[in-house]
Amino acid sequence: MSNTLSKEHLRELRNRIEIIPLIAEVLELLYKTHDGRFRFMCPLCHDFDTAVKPDTNLARCFRCQRNFNTIDMVMTVKHYSFMQAVRYLQPILEHLLARAGNRPSLQNAPTRSRP
Ligand SMILES: [Zn+2]
């Protein structure tokens, strides 16, 4: 297992893993849907004055004035270090990539030529 983290890899962890299922199903934070808007309980202030932006895949707490990407969210909820959060998210990303049938671009496996 490699310990090197490429920018590309980190970007995949932040963008490919959707923030809403991460919050609701993986980290199991309390959340509610109000007027079709997803609001989660902020792990810092425990308020629901929050929002998610699917286009940037960021979660925001208006009270704390903070944005969370997927890695920030895991670090905050689990009290993990950056590297621990990356390791936590890694199998989730691999699962997503496998399900999407995509070959992970971070893997530079030799291409096999078959007749
Ligand atoms: Zn907050």
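Val52 has Ala59 of β4 as its bridge partner, a pairing that belongs to the contact between β3 and strand β4 (residues 58-61), where the two strands run in the antiparallel sense and are joined over four bridges. The structure in which this pairing occurs is a predicted model, and the description below follows the pairing outward to the sheet, the chain and the confidence of the prediction.

The sheet that contains these strands is open and is formed by three strands in the order β3-β4-β5, with antiparallel pairing. Its edges are occupied by β3 (50-53) and β5 (66-68), each of which pairs on one side only. From one strand to the next, the twist averages 25°.

In the chain as a whole, four helices and five strands are found, and these elements follow one another from the N terminus as α-α-β-β-β-β-β-α-α. Of the 115 residues in the chain, 17% are buried. When contacts between residues at least 6 apart in sequence are considered, 40% of them join residues that are at least 24 apart.

With respect to confidence, the chain has a mean pLDDT of 89, and 85% of its residues reach a value of 70 or more. Over residues 104-110, by contrast, the pLDDT is below 50, and this stretch has six contacts in the model beyond near neighbours in sequence.

How values were computed
Residues numbered from 1 in each chain as written. Predicted model: local features only at pLDDT ≥ 70, side-chain atom pairs only at ≥ 80, totals over all residues. Buried ≥ 20, exposed ≤ 12 C-beta atoms within 10 Å, placed from the backbone. Contact = placed C-beta atoms within 7 Å. Pairing = 2+ DSSP bridges. Axes fitted to C-alpha atoms, helices over the stretch in contact; angles between N-to-C directions. pLDDT = per-residue confidence, 0-100.
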